[in-house]
Amino acid sequence: MGVVLTKEIVRVDQVVGEDKAQAVVEGIINLPAGKPDISRVISVKAEVDLDSLKISILDGKIMVEGELEVDAMYVANIASQPVHAVEGRISFSFFAKVPGAKKNMAVKVMPKIEYSKFSFDPQRPREISASFVIQFLVKVLQRVEVEVAVDATGPADLQVLKETVKLDHIVGDASSQSIAKGDIAVPNVKPDILEIIKVQGTARTTQVKVLDGKIIVEGVLDVGVLYVARVPENQPQQPVHFLEGQIPFTTFVEIPGAKESMTRIVRVEVEHIRGRKKDDRTVSVEAVIKVMVRVYETKVLDVIIDLFSPSEKLEVKKIELKVDQVVGENENQIIVKETVNVPDPKPDILEIYSTNATARIDNARIIDSKVIVEGTLLVETLYVAKVPEGQPQQPVHFMEHEIPFTTFVEIPGAEENMMLDFDLIVEHVTASFDPASPRKMEVRAIIKLFAKVTETIEIEVVTEVIEPEEEEKPEKPEKPEKPGEMPPEKPSLTIYIVQRGDTLWKIAKRYNVTVDSIVKANNLQNPNMIMPGQQLIIPR
């Protein structure tokens, strides 16, 4: 009787290997024609342009080339000293070592800017020098589609060994671009626009729906505009102002097979944004938004890792999988609220322009089925200074603060030695102050933590069973018995002493008997509890 396997197709990202690399990136940002010379640099920020990455794989080495997108703000060297913004790009390259990596494999690069520094030489008023230390995590994956056996039928004495695995069956990945357009109006309390200095924006999702293999993503583009106000001459009014607004957007990506019940990971980012003055009270904004979606279904499968039959000779084919088994995932949201002081060299606050914040991870660990993340909220604030009349006006100032925080999510079954993958996102940040206390500012931020714990497992799974054709063997003549001699008796049982690392399955397969026969012969109450040195009867 042949063996019939019930199979299930699993599409997973098999882990080939990973490595960490650090790169020091240095460069110069030059002012374009039309921009005034620099008097003072306010801030320099940078992000790795993931779309610019060029990845080459050669003999287990991953070569990565890319660019940093750098944004700088400075005070111009002119009498009115308005604030200006300048953008630039700095190239970088590094390599990581991942044995076994080949050209057709996928490479995931996760950058983290750990340190940044900028400087300005008054003798070179059109240059900003910047340097960054970037930590890169490089992970090499190979997507495989495998038919694994989850059940088997065959001879009555067929022995089947299964193992439960929890895998992410990847339905698909897709991305798309969309254009978000809209107008941002100047609030009534703000003056008219003379010139736009800088437009910045962040995108966030508000709703995600699945319809006929399409992922519909609705979101909001949060826009901030820094501008020079139209101020009548000889009036002591603040020339630089900041306004905010929102532009809704809707886009979609196609992922065949996607269903509402499946898990979706959606990321949105602003690839490019620009604004122009439509009239004295309106800014027209246009942004390119990239949406990246992964749809997967977590499957819990009892896969067959071995089988045999005492009555039939079977040839078992297996495949080795090295995958990230999902232990669990969860998310949590916290509010960080802190009062900070204006640094001593800085003047008092008259008006807060804008506040940006990012979260830095200082420590992340797994303890007692909890993922605990300790971090620092890095807050950057641009504000108008309260300068007494008659003193030289330098109204725009920039200050930085660091606010520590701790958050956690519960993931049952998570252990310290498992792999942790998480996203920490600052969803919203605001800053306010009391005019009666112009040297104190209250910061309020909403931080979202999404954590996923996995365990890399290496497992051999059965994919096919073949019954070899029986070979006809010549019959051996029976040895004649001597007169008065009894034929030798075949032993009916064997005594086996359990060795370290033994299981009933291994012992049964070694002696080509069923597990159940050993259990019954030894009256074992718990087949999973056998100890080294224990004697077992092996029925024959």
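**Exercise 1. Follow a small sheet.**
Which residue in S10 does Thr202 stand opposite? Then work out how the sheet around S10 is ordered.

Solution.
Step 1. The model is predicted. In it, Thr202 stands opposite Asp222 in S10.
Step 2. Look at the pairing of S9 with S10, which spans residues 214-229. These two strands run antiparallel and share 16 bridges.
Step 3. Now add S11. The order is S9-S10-S11, three strands in an open sheet with antiparallel pairing.
Step 4. Find the edges. S9 (193-211) and S11 each have a single partner strand, so one side of each has no neighbour in the sheet.
Step 5. Check the twist. From one strand to the next, the twist averages 15°.

**Exercise 2. Place one histidine.**
Determine whether His241 is buried or exposed, and list what His241 touches.

Solution.
Step 1. Locate the residue. His241 belongs to strand S11, residues 240-254.
Step 2. Read the accessibility. The value for His241 is 9%, and the cut-off for buried is under 20%. His241 therefore counts as buried.
Step 3. Skip residues up to four places away in sequence. His241 then touches Lys190, Pro191, Val225, Leu226, Tyr227, Ala229, Glu351 and Tyr353.

**Exercise 3. Explore the nonpolar cores.**
Which residues touch the most other members of the largest nonpolar core?

Solution.
Step 1. The largest core has 37 residues. Ile62, Leu68, Phe94 and Phe132 touch the most other members.
Step 2. Trace the suppliers. Strands S1 (4-30), S2 (38-48), S4 (61-76), S5 (83-97), S6 (106-119) and S7 (127-153) each give at least two residues to this core.
Step 3. Zoom in on Leu68. Beyond its neighbours within four places in sequence, its contacts include Val25, Ala46, Ile90, Phe92, Ile113, Phe132 and Ile134.
Step 4. Look elsewhere. Another core, of 33 residues, lies apart from this one; Ile184, Ile247, Val268 and Val285 are among its members.

**Exercise 4. Classify ring pairs.**
How are the rings of Phe308 and Trp505 arranged? Repeat the task for Tyr496 and Tyr511.

Solution.
Step 1. Two values describe an aromatic pair: the distance of the centres and the angle of the planes.
Step 2. For Phe308 and Trp505, the centres are 5.2 Å apart and the planes stand at 70°. Planes over 60 degrees apart count as edge-to-face, so this pair is edge-to-face.
Step 3. Place the partners. Phe308 is in strand S13 (residues 282-308) and Trp505 in helix H1 (residues 504-511), so the pair ties together parts 197 residues apart in sequence. Both Phe308 and Trp505 are buried.
Step 4. For Tyr496 and Tyr511, the centres are 5.9 Å apart and the planes again stand at 70°, so this pair is edge-to-face too.
Step 5. Place these partners. Tyr496 lies in strand S20 (residues 493-497) and Tyr511 in helix H1, so parts 15 residues apart in sequence are tied together.
Step 6. Compare accessibility. Tyr496, at 9%, is buried, whereas Tyr511, at 23%, is partly exposed.

**Exercise 5. Find charges over rings.**
Which ring does the charged end of Lys214 sit over, and which face does Lys452 lie over?

Solution.
Step 1. Lys214 has its charged end over the ring of Phe252, 4.9 Å from the centre.
Step 2. Lys452 lies over the face of Tyr296, 4.6 Å from the ring centre.

How values were computed. Residues numbered from 1 in each chain as written. Predicted model: local features only at pLDDT ≥ 70, side-chain atom pairs only at ≥ 80, totals over all residues. Heavy atoms only, no water. Helix = DSSP H or I, 4+ residues; strand = E, 2+ residues; numbered from the N terminus. Buried < 20%, exposed > 50% of the residue type's maximum accessible area, 1.4 Å probe, protein only. Contact = heavy atoms within 4.5 Å. Pairing = 2+ DSSP bridges. Axes fitted to C-alpha atoms, helices over the stretch in contact; angles between N-to-C directions. Core = buried A, V, L, I, M, F, W, Y, C linked by side-chain atoms within 4.5 Å. Phe/Tyr/Trp six-rings, centres within 6.5 Å; stacked < 30°, edge-to-face > 60°. Lys NZ or Arg CZ within 6 Å of the ring centre and 35° of its normal.
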